[in-house]
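Subject: Structure for your review

Dear colleague,

I am handing over the structure we spoke about, with the sequence alongside. Please have it open while you read the notes underneath.

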Amino acid sequence: MEMRVNQIDLNGLTFQYRESGEPSAPPLVALHALGKSAGSWDQAAAVLGENYRVLALDQRGHGGSARTNTYSFELMCNDLLHFANAMNLGRFSLIGHSMGGTVSYLFSQAFPSRIERLIVEDTPPPFSDRPIEVPSKPSGPLPFDWQVVPSILRQLNEPNPEWWARLTDIIMPTLIVGGGSSHIPQNKLQEVSELIPNCELVTIEDAGHFVHEDNLPAFLAAVKSFLIS
């Protein structure tokens with residue numbers, strides 16, 4: 001399946017995205033994890049693109065998108081709104097992994113009428129449990145702006161309690177895919193699935209945090225069955 005890489009100007013910043021599937025197919029937007037890029041969805045998009053117009057966005061500071069020096073979940077949520085509007089997506093399905101999953105929760109809370117179905121891979125909204133230490137910057141070039149790391153970890157360490165309080169505002173059908181042996185506490189995914197009114201939790205044992213990379217067939221089976229249910 002053909003993968004098209006495009007750039008778009010959003011709110012004065014240049015963003016890159018990868019598109020697969022027919023332009024007339026129902027839209028599905030995919031958001032990647034911290035330090036990754038839209039390319040991490042390529043294998044999943046090749047399959048999902050048979051039935052959907054898959055739009056994988058390089059979030060700010062990542063891949064081919066702008067390095068802005070200012071990063072937060074809220075800004076990334078705003079970027080998604082600008083992207084959806086620029087692409088004329090009235091309603092669309094949304095899939096987010098890790099950092100992209102938190103952006104997806106925030107967007108679905110703020111703009112529930114825009115989301116057809118929500119899929120979140122192995123992340124709850126940030127919760128303060130034990131502080132995560134900010135690692136020092138590795139030497140050598142990185143495929144993303146290092147400044148994203150301390151910015152996002154700060155929000156993980158001091159999360160906005162509203163992010164959990166507003167899970168009940170996520171009214172569209174929702175699927176959470178857990179990785180079982182992941183470093184993410186799976187009981188937190190269970191808590192989220194009980195707070196979102198119309199939510200299903202599927203755990204893919206021993207897949208780890210990068211479910212769609214480490215067990216793509218099981219991930220796709222769960223996602224496809226949810227999207228057509």
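The notes below go through the packing, a helix pair, two backbone positions and the salt bridges.

Please keep in mind throughout that this is a predicted model.

The largest nonpolar core holds 40 residues, and those touching the most other members are Val-29, Phe-83, Phe-92, Leu-94, Tyr-105, Phe-107 and Leu-118. Helix H2, which spans residues 73-86, supplies the largest share of this core, with seven residues. Leaving aside residues up to four places away in sequence, Phe-83 is in contact with Ile-8, Leu-10, Tyr-17, Val-29, Leu-55 and Leu-57. There is also a second, separate core, made up of 23 residues, with Ala-30, Trp-41, Leu-175 and Ala-207 among them.

Helix H2 also meets helix H4 (residues 148-157): the two axes come within 10 Å and cross at roughly 110°, and the two helices are therefore roughly perpendicular to each other. On the H2 side the contact involves Phe-73, Glu-74 and Met-76, and on the H4 side Val-148, Ile-152, Gln-155 and Leu-156. By character, the residues of this contact divide into five nonpolar, one polar and one charged.

Two residues other than glycine deserve a look for their positive phi. Asn-11, with phi near 55°, sits in the loop between strand S1 (4-10) and strand S2 (13-20), and counts as exposed because its relative accessibility is 58%. Ser-98, with a positive phi of about 55°, lies in the loop between strand S5 (92-97) and helix H3 (99-110), but counts as buried, its relative accessibility being 16%.

Turning to charged pairs, the structure contains nine salt bridges. In one of them, the side chains of Asp-79 and Arg-60 come to 2.7 Å, N to O; this pair links distant parts of the chain, since Asp-79 belongs to helix H2 and Arg-60 to the loop between strand S4 (53-57) and H2, 19 residues apart. Both Asp-79 and Arg-60 are buried. Glu-116 and Arg-91 form another salt bridge, at 3.2 Å, N to O, which joins strand S6 (residues 115-121) to the loop between H2 and S5 across 25 residues. Here Glu-116 is partly exposed at 38% relative accessibility, and Arg-91 is partly exposed at 42%. Finally, Glu-2, Arg-4, Glu-19 and Arg-53 are joined into one network by salt bridges that share partners; within it, the closest N and O atoms of Arg-4 and Glu-2 are 3.9 Å apart.

With best regards

Conventions. Residues numbered from 1 in each chain as written. Predicted model: local features only at pLDDT ≥ 70, side-chain atom pairs only at ≥ 80, totals over all residues. Heavy atoms only, no water. Core = buried A, V, L, I, M, F, W, Y, C linked by side-chain atoms within 4.5 Å. Buried < 20%, exposed > 50% of the residue type's maximum accessible area, 1.4 Å probe, protein only. Helix = DSSP H or I, 4+ residues; strand = E, 2+ residues; numbered from the N terminus. Contact = heavy atoms within 4.5 Å. Axes fitted to C-alpha atoms, helices over the stretch in contact; angles between N-to-C directions. Parallel < 35°, antiparallel > 145°, perpendicular 65-115°, else oblique. Nonpolar A, V, L, I, M, F, W, Y, C, P; charged D, E, K, R; others polar. Salt bridge = Lys/Arg side-chain N within 4 Å of Asp/Glu carboxyl O.
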